[in-house]
Amino acid sequence: MRVSSNAAAAAGALVLALTATASPAAAAEVHGLPGETMSLLWALPFAGILLSIATGPLLYPHFWEHHYGKITAVWSALVVVPMALSFGTEATTVAVLHTVLLEYMSFIILLFALFTISGGILVAGNIHGTPAMNAVLLVIGACLASVVGTTGASMIMIRPMIRANDNRPLNAHVVVFFIFLVSNIGGSLTPLGDPPLFVGFLRGVDFFWTTANLWAQTLIVGALVLTAFVVIDIVLHLREEGMPKIKDPTPDTKVRLRGLANIPLLAGVIAAILMSAVWKPGTAFTFEGVEVELQNLVRDGIIVALALISLYVTKKEYRRANGFNWGPILEVAKLFAGIFICIIPVIAILRAGAEGALAPLVALVTGPDGGPNDFAYFWMTGLLSSFLDNAPTYLVFFELAGGDPETLMTTLGTTLAAISAGAVFMGANTYIGNAPNFMVYAIARQQGVRMPSFFGYMLWSGAVLIPVFIIVSMIAFR
């Protein structure tokens, strides 16, 4: 990618501004990043990369498609270079390696495995998309989302859902509610379900904590959204009876599940994650000052092996029928590498709490008694997750609430529930709130579905989801 002189000058100015805001001596004393003395300028690369991700696919899609990796690398460099100049190479190396080895690698390995294994499961055949059948398919997809992830469930279920409704003149709403329920809300019960919850798991949240603490909120939100879908689908289905009939391009045939060998492989992924949470041998390997525990290495190795086995045992025709390719996971890997690096100084500032530059944000989510305001945590996490990626947004508010998993799972359990629910549920508010949203949108358009525009989709989410979120927040987080 060619960079103009103006862009280079701007990047240089940002580097100089960042390096001028911190003292190397302070960093040497604490052997880390002094969040108390870091200004909000350190958050600019994080804001920049998220803004690029939000606007790139929509405003300049061709350029973004060919250069998103380079754009991500530039934003990452605008963090790493100033940190090295301000705090020294040792502190910077430790901070970056800590993030990459202990968080990013496990995060992307899990997404890679779920993407690969679920891509080998083919739902073949076709059924007729009546309101009742569509509701059943949405429930199945939503339940599947907490087992194989929202990305995996979306890739498995979206094509059967489109085929079931491809003879209906009014079918865009089916895909919209699919994004609501399968690509987002359904993934709220386990760390496998949605990226922000797995980030929480990597930070120490128990595997089944979300299952035990979010099931009621998920049931309320899911039931209300599904009810809204059934009512709308019945009304539109009745309206279609007076319209010209469309010949079904894929007549009804018996539904068959192909690639069954991948199901025990998915079970193996779950078992590997549970193993790493239970088995604590007390052995760790130190690399450049960063300790990597043995159970996490074993877990990640098993998960990678299961993904490779899936590639070997699954027939290529099944993956072709699913439209499987490596593009989406490569994009996620590159973008999240930049996100995880750019968020490093933001986390340092947040750890400083009321003494840091983000003290106003701390005050916003703090109640009059000094404790956390769960209602504010739910809405702040959710609204930002609507337009930014929900995984880093979750991490920001996780740290804002103290960052201690033991405290957040017990004393501040409702606060962690509010953060988790906001990040997962409200990722459905826009096409860019969660990675599967835009993937489903693109597939639906390719299949001939007349999907609403970016703002048209927000009209749907505003009319259906926001009232539901108001109800659940009044019930659970007041």
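Q: How many residues does the largest nonpolar core have?
A: Keep in mind that this is a predicted model. The residues with the most contacts inside the core are L138, F180, V225, V269, I273 and F378. Counting everything in it, the largest nonpolar core comes to 134 residues.

Q: Which residues is V225 in contact with, leaving aside its neighbours within four places in sequence?
A: V225 is one of the core residues with the most contacts inside it. Drop the sequence neighbours within four places, and what's left for V225 is F177, F180, L181, I185, L465 and V468.

Q: What is the radius of gyration of the protein, which has 21 helices and four strands?
A: With 21 helices and four strands to pack, a handy yardstick is the globule rule, which gives 23 Å for 478 residues. The protein's own value is close to that, so it's as compact as a globular protein of that length. The radius of gyration is 23 Å.

Q: What share of the contacts with a separation of 6 or more comes from residues 24 or more positions apart?
A: Take the contacts in the protein with a separation of 6 or more as the pool. Pairs 24 or more positions apart then account for 80%.

Q: Is G282 buried or exposed?
A: G282 sits in the loop between helix 10 (262-278) and strand 3 (284-287). Its C-alpha is 27 Å from that of L266, 16 residues away along the chain. The relative accessible area of G282 is 75%, and the cut-off is over 50%, so G282 counts as exposed.

Terms used. Residues numbered from 1 in each chain as written. Predicted model: local features only at pLDDT ≥ 70, side-chain atom pairs only at ≥ 80, totals over all residues. Heavy atoms only, no water. Core = buried A, V, L, I, M, F, W, Y, C linked by side-chain atoms within 4.5 Å. Buried < 20%, exposed > 50% of the residue type's maximum accessible area, 1.4 Å probe, protein only. Contact = heavy atoms within 4.5 Å. Helix = DSSP H or I, 4+ residues; strand = E, 2+ residues; numbered from the N terminus. Rg over C-alpha atoms; globule rule 2.2 N^0.38 Å.
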